[in-house]
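Let's work through a few short exercises together. Have a look at the fold first, then try each task before you read its solution.

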Amino acid sequence: MMADLAEARSNMVESQVRPSDVTDIRIHDAMRVIPREDFVPAGKGYLAYSDVPVEYAPGRSLLKPRDVAKLLQMAKPVAGERALAIAAPYAAAILDFLEVAVERLDEGDLKSVPGANYDLIVVEGAVTRAPEAWLKALAPGGRLAVVERDGPVGKAALYVRADDEIGRRTVFDATPPVLAGFEAEQGFAF
């Protein structure tokens, strides 16, 4: 079974990640060795390498392999940086492999950040819009990589903090489930 999962990891990189314009070899290397099945519930390991988001806790899912790879490549992590992984256990493991110092926020109020001056914040799940607290937690030059979604298709957004403002650009489309607590508020309009 271990050989099958190692082959599945390799196939995931070759069939889902590389063909999706993920050219960062460091991300390929990390994804080839990190056992993605360790991040899904027991008995669901076979889903770890499929091209679907996999729920690992109520209201929380791993991004598709393609999406997490593209999100991390977009963020351009650098060894020695300080990162916060919000509901992002697999992305955190990849960042750790890339020698980025990673803090994890997996429990409680995900909108409240436990620190500040992060070089990188990555979120493995969609939100309707990045909370202000996440943006304020970025160091100058810091980046927030997140999928924003309020309809059927989301956009992977990269926020970058400059000295006195924050820039935002979208990079690719993605359809991950919205994180519990980050759903769009429904209202009435004429």
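**Exercise 1. Find what share of the residues is buried.**
Keep in mind that this is a predicted model. Start with the cut-off: a residue is buried when its relative accessible area is under 20%. With that rule, 47% of the 190 residues of the protein count as buried. Now turn to the surface: the protein exposes about 9,200 Å², and carbon and sulfur atoms supply 51% of that area.

**Exercise 2. Describe the order of helices and strands.**
First count the elements: there are 5 helices and 8 strands. Then walk along the sequence, and you will meet them in the pattern α-α-β-β-α-β-α-β-β-α-β-β-β.

**Exercise 3. Decide whether the overall size agrees with a compact globule.**
Begin with the expected value: for 190 residues, a compact globule would have a radius of gyration near 16 Å. The protein has 16 Å, so the two agree. As a further step, look at the C-alpha trace, which spans about 50 × 45 × 30 Å along the principal axes.

**Exercise 4. Locate Lys76 and classify it as buried or exposed.**
Go to the loop between α3 (65-75) and β3 (82-86), where Lys76 lies. Next, check its backbone: Lys76 is not a glycine, yet its phi is positive, at about 50°. Finally, apply the cut-off for exposed residues, over 50%. Lys76 has 57% relative accessibility, so it counts as exposed.

**Exercise 5. Place Asn117 and describe its phi.**
Look in the loop between β4 (101-105) and β5 (118-127) to find Asn117. Then read its phi: the value is near 60°, which is positive in a residue other than glycine.

Terms used. Residues numbered from 1 in each chain as written. Predicted model: local features only at pLDDT ≥ 70, side-chain atom pairs only at ≥ 80, totals over all residues. Heavy atoms only, no water. Helix = DSSP H or I, 4+ residues; strand = E, 2+ residues; numbered from the N terminus. Rg over C-alpha atoms; globule rule 2.2 N^0.38 Å. Buried < 20%, exposed > 50% of the residue type's maximum accessible area, 1.4 Å probe, protein only. Areas by Shrake-Rupley, 256 points an atom, 1.4 Å probe, with all protein chains shown as cover.
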